[in-house]
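This report covers strand pairing, salt bridges and a few individual residues. Please keep the sequence and the structure in view while reading.

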Amino acid sequence: MEPESSVQDPEENKYTSVCVGREDDIKKSERMTAVVHDREVVIFYHKGEYHAMDIRCYHSGGPLHLGEIEDFDGRPCIVCPWHKYKITLATGEGLYQSINPKDPSAKPKWCSKGIKQRIHAVSVDNGNIYVTLSREPFRCDSDFYATGDFRVIQSSS
């Protein structure tokens with residue numbers, strides 16, 4: 001019988017929660033940025049809820065932490081400051097307006113492009129904010145910009 005190994009699988013380790021700051025701080029600024037297991041994320045505090053997602057927009061890498069939050073069709077979205085792409089805070093869906101060109105009286109309606117931005121779990125414990133990276137196995141468009149080549153948070157080293 002072999003002794004149990006205390007070495008953790010490095011792949012599994014990237015899904016452990018990381019403390020990114022204090023609840024009081026994010027409630028004042030309504031957003032913060034952090035590096036969680038080498039992945040840059042932005043955390044939003046909006047209408048009493050926390051949301052975290054990849055910091056770079058799925059479309060062309062725009063800095064979402066500099067965008068404004070607006071409601072579209074009753075869904076709070078971050079609007080990318082570069083090209084005005086709208087991304088739901090809750091699901092990471094890209095939204096767009098569509099109209100039926102064959103119906104002259106049609107009104108534009110909001111539609112989903114599907115999940116484009118990877119979102120991550122946020123939890124609060126004893127006044128600390130924790131982020132746990134998404135384990136969703138599907139490929140998100142924002143994954144392309146989640147590498148070190150597109151880093152926006154300056155390292156202190």
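A salt bridge here is a side-chain nitrogen of Lys or Arg within 4 Å of a carboxyl oxygen of Asp or Glu. Asp73 and Arg75 form one such pair, with their closest N and O atoms 3.5 Å apart. The model is a predicted one, and its confidence is described before the pairs are taken further.

**Confidence**

The protein chain has a mean pLDDT of 90, and 89% of its residues reach 70 or more. Over residues 1–6 pLDDT stays under 50, and the model has zero contacts beyond four places in sequence for that stretch.

**Salt bridges**

The count of salt bridges comes to nine. Three of the pairs are listed below.

| Pair | Distance, N to O |
|---|---|
| Asp73 and Arg75 | 3.5 Å |
| Glu93 and Arg75 | 3.9 Å |
| Lys47 and Asp71 | 3.5 Å |

Arg75 appears in the pair with Asp73 and again in the pair with Glu93. The Glu93 pair links distant parts of the chain, since Glu93 lies in strand S8 (residues 93–98) and Arg75 in strand S6 (residues 75–79), 18 residues apart. How accessible are these side chains? Asp73 is exposed, because its relative accessible area of 52% is over 50%. Arg75, at 25% relative accessibility, counts as partly exposed. Glu93 counts as buried, because its 17% relative accessibility is under 20%.

The salt bridge between the side chains of Lys47 and Asp71 also links distant parts of the chain, 24 residues apart. Lys47 sits in the loop between strand S3 (39–46) and strand S4 (49–54), whereas Asp71 belongs to strand S5 (residues 68–72). Lys47 is exposed, with a relative accessible area of 64%, and Asp71 is partly exposed at 40%.

Salt bridges also link Arg39, Asp54, Arg118, Arg139 and Asp143 in a network.

**Thr88**

Thr88 is found in strand S7 (residues 86–88). Is this residue buried or exposed? Thr88 counts as buried, because its relative accessibility of 3% is under 20%. Leaving aside residues up to four places away in sequence, Thr88 touches Met53, Arg75, Pro76, Cys77, Glu93 and Leu95. Among these contacts are Arg75 and Glu93, whose side chains meet in the 3.9 Å salt bridge. The side chain of Thr88 also makes a polar contact of 2.6 Å with the side chain of Thr91.

**The six-stranded sheet**

Strands of a sheet pair through backbone hydrogen bonds, either parallel or antiparallel. In this model, an open sheet of six strands runs in the order S1-S11-S10-S4-S3-S2, and its pairing is antiparallel. S1 and strand S2 (31–36) stand at the edges, each with a single partner strand, so one side of each is left without a neighbour in the sheet. From one strand to the next, the twist averages 30 degrees.

Strand S11 (residues 128–132) is mostly covered, with four of its five residues buried. Which strands pair with S11? Strand S1 (residues 18–22) pairs with S11 in the antiparallel sense over four bridges, and Val18 stands opposite Val131 of S11. Strand S10 (residues 119–125) also pairs with S11 in the antiparallel sense, over five bridges. Ser123 has Tyr130 in S11 as its bridge partner. The hairpin of S10 and S11 has two residues between the strands, and in this hairpin Asn126 takes a positive phi near 55 degrees.

**Thr16**

Ahead of the sheet's edge strand, Thr16 is placed in the loop between helix H1 (10–13) and S1. Thr16 is partly exposed, with a relative accessible area of 32%. Not counting residues up to four places away in sequence, Thr16 touches His37 and Val131. Val131 is also the residue in S11 that stands opposite Val18. The C-alpha atoms of Thr16 and Val36 are separated by 9.3 Å, and the two residues are 20 residues apart along the chain.

Terms used:
Residues numbered from 1 in each chain as written. Predicted model: local features only at pLDDT ≥ 70, side-chain atom pairs only at ≥ 80, totals over all residues. Heavy atoms only, no water. pLDDT = per-residue confidence, 0-100. Contact = heavy atoms within 4.5 Å. Buried < 20%, exposed > 50% of the residue type's maximum accessible area, 1.4 Å probe, protein only. Pairing = 2+ DSSP bridges. Axes fitted to C-alpha atoms, helices over the stretch in contact; angles between N-to-C directions. Polar contact = N/O pair within 3.5 Å; in protein donor to acceptor, adjacent residues only side chain to side chain.
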